[in-house]
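Below, a few structural labels are questioned one at a time, and each answer sets a value against the definition behind the label.

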Amino acid sequence: MPQKAKTSSNTIRLGLIQHASPPDVPAAKNLKKAMDMMRDAASQGCTLLLTQELFTAHYFCQVEDAAMFALAQTIPGPTSEKLCALAKKLKVEIAASLFEKRTQGVFHNTTIVINAKGVIIGKYRKMHIPDDPRFYEKFYFTPGDAGAPAPGRPHPRGNAEAHAGWQVHQLANAKMGTLICWDQWYPEAARLTALRGAQILTYPTAIGYAHHIEPADEPARQAESWQTMMRSHAIANGVFVATINRIGVEGELTFWGQSFVADPGGRVIAQASPDQEEILAVDCDLSLIDKLRVNWPFLRDRRIDAYGDLTKRFID
């Protein structure tokens with residue numbers, strides 16, 4: 001049964017949209033399903049709706065196929081325009097993961113952030129791009145541009161660079177940092193985004209296991225590592241972390257769902273099932289950030305004078 005939405009000005013209700021995106025289903029149908037789920041989430045009081053990675057299509061990166069570039073769209077484009085209209089109608093904010101065609105021959109794995117007026121207020125292009133069996137993303141995606149200015153500072157090369165690198169977006173009641181899937185394994189990404197003021201880190205995700213290859217205990221081990229890593233981001237930075245995964249079998253991959261939200265102490269406060277389409281409605285009390293950071297002052301005690309070697313590939 002839907003929970004009654006909290007009314008505290010410190011609380012934001014997230015709506016994580018977890019579903020399957022089968023290869024034999026057209027993108028338009030997947031989009032419609034996700035938008036119907038968004039309407040349902042809004043009716044449950046969710047004010048920030050979060051999609052899984054590349055939610056309108058199957059996870060096409062299992063193979064290198066130039067035909068898949070036809071799935072990409074410009075931003076603004078047909079899909080983003082539909083989402084903007086929905087956000088305006090529902091008076092909600094949406095963070096949606098899309099396959100972006102930036103220009104001829106340059107494509108990104110991109111999250112757009114839409115405010116409750118239906119306006120795109122931010123764009124994050126995935127920075128860490130994997131290239132592994134069944135995750136051949138380097139064939140498709142150019143890494144996000146590095147070197148974005150801190151919020152409020154003009155970029156020396158002008159507004160065209162405003163969407164580059166690590167991003168924090170000012171929502172109505174919170175500051176959100178948008179990272180994507182493979183970014184979740186890198187503490188540097190979480191830290192640099194949190195240092196820009198993020199109170200919530202979001203990770204739209206497409207992660208699963210090769211069901212016909214992996215040993216019987218391997219899926220559980222991988223899922224535990226995946227969750228542990230993001231719980232550690234929540235703890236180390238004193239922020240909420242929300243990750244939104246897909247479900248279902250696509251080609252050689254079984255996606256394990258289990259979308260979840262962790263609080264600033266790393267406690268998992270809500271988690272979806274491994275194999276069901278569902279909306280995970282989660283209240284996040286942002287006042288917990290103050291409490292946790294006072295008791296665990298990790299940001300205070302950082303030795304910022306001693307981290308220069310992090311810019312090296314390896315310290316030989």
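Q: What makes β3 and strand β4 (residues 106–114) a pair, and which way do they run?
A: Two strands pair if DSSP finds at least two bridges between them, and 9 bridges join β3 to β4, so the two count as paired, running antiparallel. Here helices (H or I, at least four residues) and strands (E, at least two) are DSSP runs, numbered from the N terminus. In β4, isoleucine 114 is the bridge partner of isoleucine 94. The hairpin of β3 and β4 has 2 residues between the strands, and in it glycine 105 takes a positive phi near 85°.

Q: What kind of model is this, and which cut-offs apply?
A: It is a predicted model, in which local features need pLDDT of at least 70 and side-chain atom pairs count only at pLDDT 80 or more, while totals for chains, interfaces and linings use all residues. Residues are numbered from 1 along each chain as its sequence is written, and side-chain values use heavy atoms, with hydrogens and water left out.

Q: How do you know that strand β3 (residues 93–103) is mostly covered?
A: Of its 11 residues, 8 are buried, where buried means under 20% relative accessible area, exposed over 50%, and partly exposed in between (1.4 Å probe, protein chains only).

Q: Why is alanine 172 called exposed?
A: Alanine 172 has 62% relative accessibility, and therefore counts as exposed. This residue is found in the loop between β8 (168–170) and β9 (175–178).

Q: What makes the unit of β2, helix α2 (residues 78–90) and β3 right-handed?
A: A crossover is right-handed if, with the strands pointing away from the viewer, the path from the first strand over the helix to the second runs clockwise, and β2, α2 and β3 make a β-α-β unit of that hand. Strand β2 (residues 48–51) and β3 run parallel, joined by 3 bridges, and leucine 48 stands opposite glutamate 93 in β3.

Q: Which strands are the edges of the sheet ordered β11-β14-β13?
A: In this open sheet of 3 strands, with antiparallel pairing, the edge strands are β11 (208–210) and β13 (247–250), as each pairs on one side only. The twist averages 15° from one strand to the next. Between β11 and strand β14 (residues 253–256) there are 3 bridges, and alanine 210 stands opposite leucine 253 in β14.

Q: How does helix α4 (residues 218–237) lie relative to β11 and β14?
A: Helix α4 lies across both strands, running at about 45° to β14; axes are lines fitted to C-alpha atoms, for helices over the stretch in contact (heavy atoms within 4.5 Å), and angles run from 0 to 180 degrees between N-to-C directions.

Q: What separates a cavity from a pocket, and what are the volumes of the largest pocket and the largest cavity?
A: On a 1 Å grid over the protein atoms alone, a cavity is a set of points where a 1.4 Å probe fits but cannot get out, whereas a pocket is an open set with protein on both sides within 12 Å along at least five of seven lines; lining residues have an atom within 4 Å of a point. The largest pocket has a volume of about 670 Å³, and the largest cavity has one of about 40 Å³. The largest share of the pocket lining, 5 residues, comes from α3, while the largest share of the cavity lining, 3 residues, comes from α4.

Conventions
Grid points are joined across faces, edges and corners, and a volume is the space filled by probe spheres set on the points.
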